Amino acid sequence: MRTTYLTMVFLMVTTVLSVVATAQKDTGGPVELRVVWHTGVLGDYLIQMSQDYTEQTGVVIHGELLPWAKWHDAIASDFAQEKGSYDLVVFDSQSMSEFASQGQVVLLNPYLEKSTKIKATDYSSRALQMYAEYPEGSTNIYALPINQDAMGLAYRKDLFEDPKEMAAFKARYGYELSVPETYDQLKDIAVFFTRPNQNLYGIAMYGSSDYDAVTSAFNNVLWSFGGELWNPETRRAVGVINSPASVAALEYYKGLFNYSPPGASEWYYDEVNEAVSKGMVAMAINWYYFFSAYSDPKINKFAEKIGFAPLPGEKGSDGKFRQYNSVGGQGISISKYSRNVDEAWKFLEWFMSDENQWKWVRGGGQTGRVDILNSPEYAKATPYNSIFPISMSRVKDYWHLVEYPQLLDIYQKYIHLAVTGSMSSKEALDKIAIEHQAILDGIN
């Protein structure tokens, strides 16, 4: 009996040592995987969750969480130099064309086909199209959705539902104060609640030229007014991005800053988040990514007073009502230059399991797993999950082109100049159209 017991102990110890050994480098140290993402609560949460993986496998997960303005360029630079500083890379949906087209991220189809833990059909087809596929329609998967995102509206329920405010609003505008369904209504509400003497303003939104700040927010209005960035079939920007509908959209967006706190035309997410947490604004346009903080009483003293809604739409000059919003969020890919590709895949299998994706959702992440998205429990997991799928059904994106970084830099530059009053809306859009067309035509 004792011999049998000792044999069992020996076998158990041998098995444990064998498992740990698979997570060792040639030097005898543990395998270390490095994940790059931008700074924020979800990046922190990912690293926190990964501690469980380290306890189970011995593989150590390090997070390099960079400022948004430096995040894309750090990944692009590492890829260009083939350094392999990162094993797992998280980047925006529109950057997939840039990186996958150059073979800088690992094609995941063979891994998914062999996996006994996860498969492509576990994910929403829409999520795969947005965050994983290149080229469009190819079903070539280069990422797994780590955080779906869209732009939405946060608003002060206590102001919107106050009987005195409601009566005053109706007397002034002739209709009920409620969550805006059109951008005309959103402007009325922004005007109504702009009260500088009370340190209260109508709306907070992005105006900064950093990364994709002002253009991501402007695109919501552009598309809803009937404007477009370009015609992908003809590769034309001239006459599209500077169309009358686009000019009207930019004039409207620029005008909203009259009802924002002073200096808001230079704001990015930090400033918008601060304005919400201080109760300075009646409404804010921001990514759902930040809504978990808005609804957390530990972070936002107004948390119980914040409501969430999809962005409004608008009737264009053609009489058609449109309601679009910017897609955000990211997939997580494996760097081609990683020295631990197989280990990186094992981590993804663990993280994307049903159990861990539920943890991710409860921590504020937006999964791509269709079983979770279709679950009644998902809608109750946060105060905004019930409306998030509505916003995701209305998303549009930037150009899915290798030329995306150059196009974005130009777009950001001139839209920022317009919203700060340094250039007229028409002049800014005409400049964008000409410079974008040169890039699309291959003229350097």
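**Exercise 1. Identify the residues that form a salt-bridge network with Asp52.**

Solution. Asp52 is linked with Glu355 and Lys359 in a network of salt bridges. A salt bridge here is a side-chain nitrogen of Lys or Arg within 4 Å of a carboxyl oxygen of Asp or Glu. Side chains of opposite charge can pair when their charged atoms come close. By this rule the count comes to 14 salt bridges.

Before going on, note the conditions. The model is predicted, so local features need pLDDT of at least 70 and side-chain atom pairs count only at pLDDT 80 or more, while totals for chains, interfaces and linings use all residues. Residues are numbered from 1 along each chain as its sequence is written, and side-chain values use heavy atoms, with hydrogens and water left out.

**Exercise 2. For the salt bridges of Arg34, Asp158 and Arg195, find the partner and describe the burial of the residues.**

Solution. Step 1: fix the terms. Buried means under 20% relative accessible area, exposed means over 50%, and partly exposed lies in between (1.4 Å probe, protein chains only).

Step 2: take Arg34. Its side chain meets that of Glu32 in a salt bridge, N to O at 3.2 Å. Arg34 has a relative accessible area of 32% and is therefore partly exposed. Glu32, at 23%, also counts as partly exposed.

Step 3: take Asp158. The partner is Arg156, with the closest N and O atoms 2.8 Å apart. Asp158 is partly exposed because its relative accessibility is 27%, whereas Arg156 is buried at 9%.

Step 4: take Arg195. Its side chain forms a salt bridge with that of Glu165 (2.8 Å, N to O). This pair links distant parts of the chain, 30 residues apart: Arg195 is in the loop between α9 (183-192) and β5 (201-204), and Glu165 is in helix α8 (residues 163-173). Helices (H or I, at least four residues) and strands (E, at least two) are DSSP runs, numbered from the N terminus. Both Arg195 and Glu165 are buried.

**Exercise 3. Describe the surroundings of Asn300.**

Solution. Step 1: locate Asn300 in the loop between α13 (291-294) and β7 (306-309). With a relative accessible area of 2%, Asn300 is buried.

Step 2: list the polar contacts (pairs of N or O atoms within 3.5 Å; within protein, one must be able to donate a hydrogen and the other to accept it, and residues adjacent in sequence count only if both atoms are side-chain atoms). The Asn300 side chain reaches the backbone oxygen of Tyr294 at 2.9 Å. A polar atom of that side chain lies 3.0 Å from the backbone nitrogen of Phe302.

How values were computed:
Contact means heavy atoms within 4.5 Å. Lists of a residue's contacts leave out its neighbours within four places in sequence.
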